[in-house]
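This report describes how a few strands and residues sit together in one protein model. Look at the sequence and the structure first, then read on.

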Amino acid sequence: MDNQTDTHVTLYTGKSQLARCTGTKEVVPKYTAVTWGSYRPNSMWSGPGAP
């Protein structure tokens, strides 16, 4: 994930409609990038207030 915004993004593994923004989470700071090994994110939250 390449976050080229001016705010952090939080990614989550939750899959179902009711499970969005749940599960394992990874914060991607502004203007950075991350890669994953064993899991893939399924939802995201941009900016402050992430669960």
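How many bridges join E2 to strand E3, and in which sense do they run? The model is a predicted one, and in it E2 and E3 (residues 25-28) run antiparallel, joined by 4 bridges.

## The sheet

Strand E2 covers residues 9-12. On its other pairing, E2 meets strand E5 (residues 43-46), again in the antiparallel sense and over 4 bridges. Together the 3 strands form an open sheet in the order E3-E2-E5, with antiparallel pairing. E3 and E5 stand at the edges, and each has a single partner strand, so one side of each is left without a neighbour in the sheet. From one strand to the next, the twist averages 20°. As a general point, strands of a sheet pair through backbone hydrogen bonds, either parallel or antiparallel.

Single residues show how the strands line up. Val9 stands opposite Val28 in E3, and the bridge partner of Val9 in E5 is Ser46. Leu11 stands opposite Glu26 in E3.

## The two faces of E2

Are the two faces of strand E2 covered or open? Both are covered: Val9 and Leu11 on one side are buried, and so are Thr10 and Tyr12 on the other.

Thr10 is a good residue to follow in strand E2. Its relative accessible area is 2%, and the cut-off for buried is under 20%, so Thr10 counts as buried. Apart from residues up to four places away in sequence, Thr10 touches Lys25, Glu26 and Val27, as well as Ser43, Met44, Trp45 and Ala50.

The other face of E2 contributes to a nonpolar core. Which residues make up the largest nonpolar core? The core has 5 residues in all: Val9, Leu11, Val28, Val34 and Trp36. In soluble globular proteins, nonpolar side chains tend to be buried together. Within this group, Val34 touches Met1, Glu26 and Val28, when residues up to four places away in sequence are not counted.

## Asn3 and Gln4

Asn3 lies in strand E1 (residues 2-3), while Gln4 lies in the loop between E1 and E2. Which of the two is buried and which is exposed? Asn3 has a relative accessible area of 1% and is buried. Gln4, at 52% relative accessibility, counts as exposed because the cut-off for exposed is over 50%.

Leaving aside neighbours within four places in sequence, Asn3 is in contact with His8, Val9, Val28, Pro29, Lys30, Tyr31 and Thr32. With the same kind of neighbours left out, Gln4 is in contact with Tyr31 and Thr32. The C-alpha atoms of Gln4 and Val28 are separated by 9.9 Å, and these residues are 24 residues apart along the chain.

The polar distances for Asn3 and Gln4 are listed below.

| First group | Second group | Distance |
|---|---|---|
| Asn3 side chain | Thr5 side chain | 2.5 Å |
| Asn3 side chain, polar atom | Val28 backbone oxygen | 3.0 Å |
| Gln4 side chain | Asp2 side chain | 2.8 Å |

Val28 therefore links several parts of this account, because it stands opposite Val9, belongs to the largest nonpolar core and has its backbone oxygen 3.0 Å from a polar atom of the Asn3 side chain.

How values were computed: Residues are numbered from 1 along each chain as its sequence is written. This is a predicted model: local features need pLDDT of at least 70, side-chain atom pairs count only at pLDDT 80 or more; totals for chains, interfaces and linings use all residues. Side-chain values use heavy atoms; hydrogens and water are left out. Buried means under 20% relative accessible area, exposed over 50%, partly exposed in between (1.4 Å probe, protein chains only). Two strands pair if DSSP finds at least two bridges between them. Contact means heavy atoms within 4.5 Å. Axes are lines fitted to C-alpha atoms, for helices over the stretch in contact, and angles run from 0 to 180 degrees between N-to-C directions. A nonpolar core is a set of buried Ala, Val, Leu, Ile, Met, Phe, Trp, Tyr and Cys residues joined through side-chain atoms within 4.5 Å. A polar contact is a pair of N or O atoms within 3.5 Å; within protein, one must be able to donate a hydrogen and the other to accept it, and residues adjacent in sequence count only if both atoms are side-chain atoms.
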